[in-house]
Amino acid sequence: MANFFPRWTNWLPLKIAICGGVIVCGLTGATWYYVTPKYTRVGYTPVQPVPFPHDIHVSQLGMDCRYCHSFVDVAAHSNLPNTQTCMACHTQVQKDNPKLEPVRASWKSGQPVEWVQLHRTPDYVFYNHAAHVNRGISCASCHGQINHMSVVRHAKPHSMAWCLECHRHPENFLRPETQITNMDWKPDWEKPAEFVAKYGQPKDATDDWSKKEKLTQQEIGLTLKERWNIQPTVNCQGCHR
Amino acid sequence: MKRVFEHPAEKLTGKRYWRSLNEFSDTPEFRGWLEREFPSGAAQLNGDEWSRRGFLKLMGASMALAGFGLTSCRRPEMHLVPFSKSVEWTIPGKALYYATAMPRRTGAIPLIAATVDGRPIKLEGNPLHPASGGATDAFAQASLLDLYDPARAKRFAEVKEKEENGEKKRVLETRDRAAFEKYLADLQTKIAADGGAGLAFLSEEVHSPTRERLRTKLQEKYPKMRWCVYDPLLTEAQSFATQLSFGDNARLVPRLERADVVLAIDSDFLDCGEGDLAGIRAFSSRRRIGEAKETMNRLYTVENCFTLTGAMADHRMRCPASQIPAFTRALAGKIAIATKDQGLASTIATLSEPVNAMQFDDAWLTECANDLMAKPGASLVLAGPHQPVVVQLMVYAINSALKNVGATLVIREFIKTPKTNSILQLAGEMNSGRIKQLFILGGDPVYNAPKGITIDKDTKAPVDWTDLQKKVPDVVRLGYYEDATSELSTWQVPSAHYLESWSDALTNDGAYLAIQPMILPLFGGMSELDLMNAVLGNAKVDGPELVQETFRATAPPGDFQTAWTQLLRDGFATHVALKEKPPTFNSNNAGGVAHTLWTSAPNPTLDAPEIVLTRSYNIDDGRYINNGWLQELPDPITKLTWDNAALMSPAMAKHLGVETGDLINIAVTETTKDTNGKNIRRELVIAALISPGHADNSISIALGYGRKRTGPIGEEAGFNGFLLRNSSNPHFIAVDSKTVESVSVTTAPTEKQPASPSPGAPSAAPTTPPKVRAHTLGSYALSITQDHWSIEGRGLVREASLEHYREDPEFVKKIAGDEELPARLPSIYSHPPLTAEQQWGMSVDLNVCTGCSACIIACQAENNIPIVGKLQVGHGRAMHWLRLDRYYASEKPFNQDLGEYPENPEIVHEPMMCQHCENAPCETVCPVNATVHSEDGLNVMAYNRCIGTRYCANNCPFKVRRFNFFDYNQRPMGKKKVGPLEVYQEYIAPFTEKGAPDTTKLQKNPNVTVRMRGVMEKCTYCVQRIEEAKIAAHVKAGASPNTRIPTDSFTSACAQVCPTGAIVFGDVKDPESKVSKMKMQDRNYRLLEYLNVNTRTSYLARIRNPNPKMPDANRIAVASLGHESHENGAKHEPAEMKPEEKP
């Protein structure tokens, strides 16, 4: 009787199984990576009607975030500046710059400039800016170093897991209330003696932190967390209503 | 060893609580509702609709096809659009609050409107003004939906007569505002030609000083014009009697907080739909009882059909509406003899003994009269406004004899108004052709004017308004909808909503309120004031100038601009107040008029019952017919949605051989004759509804339904009671010797009226075969929610009489076996860590809950709850998070096999929403953790996690979870004609247009997720408000540790709206909060305590205050306790009192 199956087919099932396994794992891994916000969102840099350079306005001119995003500390939304705000300066400065044409047109016609939305939470997520920026969370914690971006882009994933990283361990992100809009702030900047004089230190700290050479983010965060009674919710209702 | 859990034995020694006659008789239909969370079939598309399997197949196919067309997985590019110039006060996403007011028939309600990004999203009462006290009613809440109604009139239209297929039709043709203004200018020259002799205005009743001012101006310009006011539910009887008894411009203000004993004679004064929120609050302030030693008021009612007042009563007598004059006379006689009051004696002296009147229980009457007389100056007798003048006069005389006038009944001098004609006078003039230009401001007279409104001179036959309106050459109609009246007008002008226009109004006790617009007219509508101003020939006014002028005339103290700003800020002005009048009752006037007007109809019989036309709790006189929230709101008493029906007692139904839902034919033969010399016969085919506690020989029909032309919500809803109504019998039709020859109620169709086929919708009505059931007219599907979400008797409602409460302040624990519970119930589940500083909870005081249902609508408005339509309500898919369970309570067992039913049960209302169990059964069964517990004690729902298994609903012992069976927010619902077929659009959802109408979207609360199909939802304790308060506290705290929300600084939507403050929400951990104080009272109980669910919502037991001397005292509120009856001393044996077991 002829041999229906040549010899090489003996290994075929194993090969198929291995290949199949690799393909399935590959697909899973690829999906895992490519559809997560880390991939789909981070780096999103849409073309805006006006190429607004945050770096010039913030780093070079030293403007505070709240000059334009004026209601960030009172409202849930951080508003975009209206045309009036832009024109407060740009009737004097760069008043003929062709890049600012849409702003000038809006000023004349009263029709708003349509900015492309960059950071978007789903409809069932209720994020509140005021609750964060008044309680020691900096703009930079969620939006990255916007002050160095000439074109603004999505810097952090804004996924639920990412939110919870901070809600579970806020001490890794808290900073003094005066440094919220200071995008370049680093824990090293805080002088331990001054910091401890102002905010004290956690009750369970064993040594005197004011004597330290430098304070770590953890130490600053734990101090502020205790002093300000920071207890971020990790319950559904905090964001989903 | 397996242990089967058993509920504690029900202590039903005397009283039984039941929701419907089905439950009372324990029918299989009721079992179906009881045993399942969602009724059998609720999860299936059944009947003549699609099968679930077929539907899924189709959906699968379309999904696969959609896969081929996947174009892009990238998110769509969305835009952020800031203002080009800053808007004053506006912070994007933050609510702004403005004071305004809702004009109403009886007086405006001061409101605070919350607007977000320029659109009003929620109305609340103005807490600064006592006419609201922070509360509102269902109509005020729902009026917001009217603003965004996609079906409202959106265009100026000229009505043209056109011939189509040989038929003359009146068609509305779209015009613009300029065309209307041109027409109006031409009209003005016509009006001016004869000094306004042909000009007439027909308006609705609202008390607006600016309207009165413009009207006076119009009268100066056109001295011969006529001004008429018509409101189908407003009667002149009461105001006429008031003027007669207490002088011109007198207005009576009942001071219920001073009354110890109140007798309501056919008066539904606790119905907050009439707008008297202050009165209801005053009444409930005497009803609220903190501890056993406190006192409470006592309420007697005499009425034909159960009202909210009747449900609240301590003693209730069923009495046909036509027998109220006889009752009042009998009562007045008793009081006159006992008090020897001259005024009362002379008022009733000449009233003859009524013939064939109802025999009243003499003991009831005597003891009631004695109780009233025992509290001179602290009792109060109120008569319903639709009772005739004589009843009103007698009631005033009784109050005067009881020294109540000036004490519990205060007389105020109302602002003098120029003479107003009635619609009857107007109709007469229209008939004689004197009216050439008619302005109809609001209302819908073609639909709701009395039939046979005037007698034609030539034919001597009555004429209907429809024919009269055709006789007027120029009719301008300002209407909110394009309806029957618009069609018979010359021009239809879209009316602006009160939230879109400047105006002012008076409350029912005469306080001056400002009405300021929240939004520009969405569809370019005109307000009444705009139109009147235009008729005056003045230029268009956009701002508040017209109102400012009126306000200036009231001479506000100080600088005008400051006073005006203050008015807009507070919503009311304090310098305008009504003067008190001396409390003198003019018995000479009253006696004379009473003598001439005295008439008493004979007692109606089963064969010739009286027909009573009532105000609908849902849609008022029909003005809210197109409001989906109100349509779907179950009637507080009958729990009927989307329809009205002929309410009758079980005895009456048995006599007619009908069941709920069967159609009956009501025919009224009048004594007036038509052109052929035949007696006029008015007929109405209407579905019957058996309502326990209704007077026998009497049928009640709510007005306002059965409209041919309005929006899609209102069309086809209910039956038109106005068809029976003529000008001589506007409120009840009973056979008397004068106007009504006969009234017949049959189940047989008349010659003209063929049997109407039953609509395709499955009937929610009972289908048990009665002994004799006439089927000639067929039946009609009514969607009644009284059995929905039923829970078997588990001591859910607990009540006692005041006497018993004093004997045993802990009675509430002894009803459902709570006292037998171990101190700490065992639990196999780990309890959630309730670590938050503040813990939320709720308390509901059943003693002051009137059942008005305002909370349901407030919840719907706040939480973006969709309406589901009549069919889906019938299937048990209604979405209300908060439901109001209405329980009937009756004492002795009845043998249903012999057709015995309790004649006069009591009613207890119980608001029921998610109880926020600390050990929530729903949480343990969710496979995806979509419902979990928060650290502040809430049972929270994460909609985006929910996969719709509905396990949670099945495990909920309170049946408070609601499931989105359809995409109510995105897809159209309800019947639609597709070719020759009528289909329900929800069943063909993939083929209907997706997306809500733009205007409907504007109403949604931006702080609450709009849920999609397949998601479970339930009461959240208004978590968005809790979080908002928390965030505000955190923002305020900033760099400091104090994040505590101030005590009672916010509340849930239902608690905020409640006119009596029955619902209280707050921090249960804070001993100073209102809710903690309520929970500390000894009447406090929690539902199903023995299940160890640890609910956060608790209830305060109902206390009634029966008069021990009354003949029915021993059966009021005492029976649920299982203790010895006071009166007869007989011991109730539990076994004996158990309901009959069914084979």
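## Chain pairing and a helix contact in chain B

Leu80(B), in strand β2(B), is the bridge partner of Trp115(A). The model is predicted. Strand β1 of chain A, residues 115–116, is joined to β2(B) by two bridges, and the strands run antiparallel.

The strand β2(B) also belongs to the wider contact between the chains. In that contact, 36 residues of chain B meet 40 residues of chain A. On the side of chain B that touches chain A, the elements giving two or more residues are β2 (79–80) and α30 (1023–1037) of chain B. The largest share of this side, six residues, is supplied by α30(B). By class, the residues on the side of chain B that touches chain A are 18 nonpolar, 13 polar and five charged.

Within chain B, helix α7 (residues 236–246) and helix α13 (residues 389–401) have axes that come within 8 Å and cross at roughly 45°. Angles under 35 degrees count as roughly parallel and those from 65 to 115 as roughly perpendicular, so α7(B) and α13(B) are oblique to each other. The crossing in which α7(B) passes α13(B) is right-handed. The residues that make the contact are listed by helix below.

| Helix | Residues in the contact |
|---|---|
| α7(B) | Ala237(B), Gln238(B), Phe240(B), Ala241(B), Ser245(B) |
| α13(B) | Val389(B), Gln392(B), Leu393(B), Tyr396(B) |

The contact of α7(B) with α13(B) comprises six nonpolar and three polar residues, with no charged residues.

Notes. Residues numbered from 1 in each chain as written. Chains lettered and ligands numbered in written order. Predicted model: local features only at pLDDT ≥ 70, side-chain atom pairs only at ≥ 80, totals over all residues. Axes fitted to C-alpha atoms, helices over the stretch in contact; angles between N-to-C directions. Helix = DSSP H or I, 4+ residues; strand = E, 2+ residues; numbered from the N terminus. Parallel < 35°, antiparallel > 145°, perpendicular 65-115°, else oblique. Left-handed = near helix turned anticlockwise from the far one by under 90°. Contact = placed C-beta atoms within 7 Å. Nonpolar A, V, L, I, M, F, W, Y, C, P; charged D, E, K, R; others polar. Pairing = 2+ DSSP bridges.
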